[in-house]
Each structure stands twice: as C-alpha cells, then as structure tokens.
Amino acid sequence: MKKAPTDFRRITIRVHRMEPVLAIYRDILGMQTYYDKEVSVSVPGDAPDAPKSPARLVILKCNDAYVGMLGFLQLLDPSSPEPEPRPINERLRPGEGVLVMTHDNVEVAYQKMKSVAGVQFIDEPHVNEFPREDGGVLRVEGFRFIDPNGFFVDLNQTVE
C-alpha cells in the first residue's frame, strides 16, 4: 500500500472533568499515560490579547506512541460552567465525532464502566455482522455509550 503524506497522530478533546475520562480510557480500557502536565493555552473565543489559561493536558496512547493517541484538555479555571448532559436520544450533529475503539474484552469493559458516574449507555454488548471484501462475514461484538463529557464512543471486539 502506498504511504500517505500525512499521519493522523491524535485528537485532543476539551473536557470539563478529567477524572471520569481517566477512569474510562486509562483505568478500564487500558490506555497508557503518555503525557500529563499543567500547561498554558490560548482558548478559542478569548480576545487575541487575553492571557493564556491554565489547563491540564493528558495524552493517552494505545499501542503506538506516534499515532492513535487521545488527548484531553481540562481548563483549570473554576468559573468554567459545567455543560448540560447530552440527551441520550439526541442525534449526532455535523462536526461531532464518534470515537471508534477496539478492546480485548468488551463484556468486561461494559461491566466495569457501569460504575463510572455520568456514563450513558446506548446499548448493551451485542454482535453485529458486516460483509467482508472477500464475500465472508465479519462478526463484531460491541456496545455504544456517551462518556461523562458527552462524547459518543463505539467500543468493539472482533469475534470468531
């Protein structure tokens, strides 16, 4: 396969609360901490000459320290208002994304995730079948949820 001129390294998502995010992505799903520091950032929407805001930046990695990383940015300003929880039946809007992840055991992850406050489950683990290019069938077990910061996640595991 021809190599593309661009690598997609990571996405960094602004969150209101860091600890529930770490409980899911680090503690339950097993991503490893690559970076965890206090930083100063310019916040979109602030005046160009506004002082930088203190923030905590955590970058988690899966199996590679160059691609497939997930960053979380929490502003440390205590006056930052907490967002309203996303209604579970609200449709995905343009500009929003779905974090699609694979895991070794979605049943275990599902059970552990039940203890994380603010997680909204779309469904329970179930098996879907998808057609393969070779005419066969790919069987995938998974479930979908909205994390405590409102991000839609599709967690999957290939099954035989």
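Select isoleucine 13 to begin: this residue stands opposite phenylalanine 72 in strand S4. The structure is a predicted model, in which local features need pLDDT of at least 70 and side-chain atom pairs count only at pLDDT 80 or more, while totals for chains, interfaces and linings use all residues. Residues are numbered from 1 along each chain as its sequence is written, and side-chain values use heavy atoms, with hydrogens and water left out.

**Strand S4 and its neighbours**

Next, select residues 69–75, which form strand S4. Strands (E, at least two residues) and helices (H or I, at least four) are DSSP runs, numbered from the N terminus. Display strand S1, residues 10–15, beside S4: the two pair in the parallel sense over 6 bridges. Two strands are said to pair if DSSP finds at least two bridges between them. Then add strand S3, which runs antiparallel to S4 and is joined to it by 6 bridges. Within this arrangement, isoleucine 59 stands opposite glycine 71 in S4.

How many of the residues of S4 are buried? The strand is mostly covered, with 7 of its 7 residues buried. Here buried means under 20% relative accessible area, exposed means over 50%, and partly exposed lies in between (1.4 Å probe, protein chains only). In a regular strand, side chains alternate between the two faces of the sheet. In S4, one side carries Met69, Gly71, Leu73 and Leu75, the other carries Leu70, Phe72 and Gln74, and both faces are covered.

**Helix H1 and a salt-bridge network**

Move to helix H1, residues 18–28. Its buried residues are Met18, Pro20, Val21, Leu22, Ile24, Tyr25 and Ile28. Glycine 30 follows H1 and has a positive phi, near 85°.

Now select glutamate 19 together with arginine 56. They form a salt bridge in which the closest N and O atoms are 3.0 Å apart; the term denotes a side-chain nitrogen of Lys or Arg within 4 Å of a carboxyl oxygen of Asp or Glu. Because glutamate 19 lies in helix H1 and arginine 56 in strand S3 (residues 53–61), the pair ties together parts that are 37 residues apart in sequence. Side chains of opposite charge can pair when their charged atoms come close.

Is arginine 56 buried or exposed? Arginine 56 is buried, at 19% relative accessible area. Add aspartate 36, which also forms a salt bridge with arginine 56, the closest N and O atoms being 2.8 Å apart. Aspartate 36 lies in strand S2 (residues 32–41) and arginine 56 in strand S3, so this pair ties together parts that are 20 residues apart in sequence. Glutamate 19 is partly exposed at 47% relative accessibility, and aspartate 36 is likewise partly exposed at 34%.

For another salt bridge, select glutamate 96 and arginine 93, whose side chains meet at 2.5 Å, N to O. Glutamate 96 is partly exposed, with a relative accessible area of 26%, and arginine 93 is partly exposed at 44%. Elsewhere, salt bridges that share partners join Glu19, Asp36 and Arg56 into one network. The count of salt bridges comes to 6.

**Two loop residues**

Select aspartate 123, in the loop between strand S6 (120–121) and strand S7 (126–131). Aspartate 123 is buried, with a relative accessible area of 16%. A polar atom of its side chain lies 2.7 Å from the backbone nitrogen of arginine 144. Leaving aside residues up to four places away in sequence, aspartate 123 touches Tyr110, Phe143 and Arg144, where contact means heavy atoms within 4.5 Å.

Continue to phenylalanine 151, in the loop between strand S8 (137–146) and strand S9 (152–159). At 23% relative accessibility, phenylalanine 151 counts as partly exposed. Which residues does phenylalanine 151 touch, not counting residues up to four places away in sequence? They are Ile13, Arg14, Val15, Phe145 and Ile146. The C-alpha atoms of phenylalanine 151 and valine 15 are separated by 9.5 Å, although these residues are 136 residues apart along the chain.

**A last stop on the surface**

Finally, select valine 100 in strand S5 (residues 98–102). Valine 100 is exposed, with a relative accessible area of 58%. Add Leu92 and Val98: with Val100 they make a nonpolar surface patch of about 250 Å². Patches are made of residues with over 30% relative accessible area and no salt bridge, like charges being joined within 9 Å and nonpolar side chains (Val, Leu, Ile, Met, Phe, Trp, Tyr) within 5 Å. Accessible areas come from the Shrake-Rupley method with a 1.4 Å probe, and for residues only the protein chains shown count as cover.

Methods: A polar contact is a pair of N or O atoms within 3.5 Å; within protein, one must be able to donate a hydrogen and the other to accept it, and residues adjacent in sequence count only if both atoms are side-chain atoms.
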